[in-house]
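Visitor: Please take a close look at one part of this model and describe what is found there. A connected account would suit me better than a list.

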Amino acid sequence: MRVLFLAAEAAPIVKVGGLGDVAGSLPFALGRLDPQLDIRLVIPLHGEGSRGNSGLRMVREFQLRTPAGRHQMVAWATIIPDGEVYLIGGDGIKNESPVYQSNAAADAEKYCIFSLAALAFCLEEGWVPEIIHAHDWHTAFALKALRDVHGSNPKMGNTKSILTIHNLPYQGQGAEGVLSRFGLKEATDPILPEWSRGFPLSLGLESADVVTTVSPQYAREIQTKTFGAGLDGYFNRRQQPVVGILNGIDYEEWNPASDVALMRKYDLQCIPDRRENKLQLQQELGFGANSSIPLLAMIGRVDAQKGVGTAISALRGLKDAPWRAVFLGTGDPSLEEELNAFAAENPMRVRALLKYDRDLAHHIYGGADMLLVPSRYEPCGLTQMIGMRYGCIPIATPVGGLVDTILDEASNPGRGTGFLAASGDDAGVRSAVQTALALFRSRAKWRKLQERAMRQDFSWQRSAADYRALYLSLIAPGYPEAGNRVHS
Ligand code: ADP
């Protein structure tokens, strides 16, 4: 079965957030699960991907013809530890351009050309996908082109398509201006709100044979006004429900027993060894060594979605409790400023490291005691799963994939794997942090909690099986397992 897997980013070549983790690991997990699956992962040649590109092998130069003209494109390939990745560059895709600019309008042409070029590349190669699996608005153009432009072409006329939504509010607002230039029409599905019909995500929603999102809980939540980003009515009326398949994490990259970034590797049998990582991390952060003061951490985009303000407010409300905190991330300048101010107010106990730092992220997962994940909404969330794998206990809001992955210790004493706040507001998160700080004082109970968290299985194995079943259900509709395996 040939599957074309299209995404804006894929780790370790280019990674901005969770989509990079997913695209860099899911296709290879699928390949390991079923050697019959011939999956080609294709991303644009941009961001860090173009740096030090000596490992890139040119596959072919080709021309993309659109109503806007003839575009000279180049397809490259490179080998990463898990397998091969294709990168497309050329007219409209600048090597040095960042993966995402601040608004979709600025990125629209790049992603439209990329999406169309990826299809043209397959035809040039004589490699006709049976399924195109696109991710988010950036590559949704491909599904519209598949239906409207290639639909009557005998080569791709039978190709099926899947759109996976990783973050619903990002619909490509502002990108509608490029459609007509590239021969694409707005969506016409009458149940899509009129204002959304030119957005690339809507083109994908209308064209895809199946729409999925990255956790079962988020699949339910997007049908509500709070989380539907204006499309809740559409999701309610859509005939085919959105399928929720939980993301996994890459168990090679995220493994405390073999993590070369850690000063001290450890596993379930020697959790106390984490202490050395904590001491080293404290030194790296300029804190005095102290293993008994709980060290909280937050890793991720500095964005309103991630609840940065909630975290600050919750900790401000716990001034008298012993704790230290480190924030690692970049993003919204005004929220970055708030983090800086919070760190300046608390020089002895708060650090704000406003940068992207892969190694430091590993040090934090391997040394911090608790991971704050106070997201306003969270399609899946990876940091809480990585945290649990490292025995860094998540304290999270009860939304999306956080609900699907964390069992709250406060309401399930002796069985939990982390802490889920009763509500997503500042007070709810403050109270969850308070509960976690109290439990931390009982070393034995905390150790058991860490053991349970570390024992969870967040590997891609199960989710990859769900995606495989979904693929099979599209090209072999009678396939018995498919409908049963996929949760929605
Ligand atoms: P997103 O909504 O950004 O996709 P996720 O929780 O799904 O959030 O994934 C975030 C991923 O990016 C995790 O692997 C996390 O460790 C990583 N990450 C985020 N910010 C940073 C940073 N500043 N430095 C290093 N890694 C980061």
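Guide: Helices here are DSSP runs of H or I with at least four residues, and they are numbered from the N terminus. The model is a predicted one. In that numbering, helix 7 covers residues 274-285 and contains Leu-281. Leu-281 has a relative accessible area of 1%, and buried means under 20%, so Leu-281 counts as buried. The C-alpha atom of Leu-281 lies 6.3 Å from that of Gly-367, although 86 residues separate the two along the chain.

A second buried residue, Glu-9, sits in the loop that runs between strand 1 (2-6) and helix 1. Glu-9 is charged but forms no salt bridge. Its nearest side chain of opposite charge is that of Lys-15, 7.5 Å away, whereas a salt bridge requires the nitrogen and the carboxyl oxygen to be within 4 Å. The side chain of Glu-9 does have polar partners: it makes a polar contact of 2.6 Å with the side chain of Tyr-100, and one of its polar atoms is 2.5 Å from the backbone nitrogen of Val-16.

Helix 1, at residues 18-33, also leads to the second largest pocket, giving three residues to its lining, the most of any contributor. That pocket has a volume of about 440 Å³. Its lining comprises 22 residues, and those nearest the centre are Ala-11, Pro-12, Asp-250, Glu-253 and Arg-358. Sorted by class, the lining holds eleven nonpolar, eight charged and three polar residues.

Key. Residues are numbered from 1 along each chain as its sequence is written. This is a predicted model: local features need pLDDT of at least 70, side-chain atom pairs count only at pLDDT 80 or more; totals for chains, interfaces and linings use all residues. Side-chain values use heavy atoms; hydrogens and water are left out. On a 1 Å grid over the protein atoms alone, a cavity is a set of points where a 1.4 Å probe fits but cannot get out, and a pocket is an open set with protein on both sides within 12 Å along at least five of seven lines; lining residues have an atom within 4 Å of a point. Grid points are joined across faces, edges and corners, and a volume is the space filled by probe spheres set on the points. Helices (H or I, at least four residues) and strands (E, at least two) are DSSP runs, numbered from the N terminus. Buried means under 20% relative accessible area, exposed over 50%, partly exposed in between (1.4 Å probe, protein chains only). Lys and Arg count as positive and Asp and Glu as negative; His and the chain ends are not counted. A polar contact is a pair of N or O atoms within 3.5 Å; within protein, one must be able to donate a hydrogen and the other to accept it, and residues adjacent in sequence count only if both atoms are side-chain atoms.
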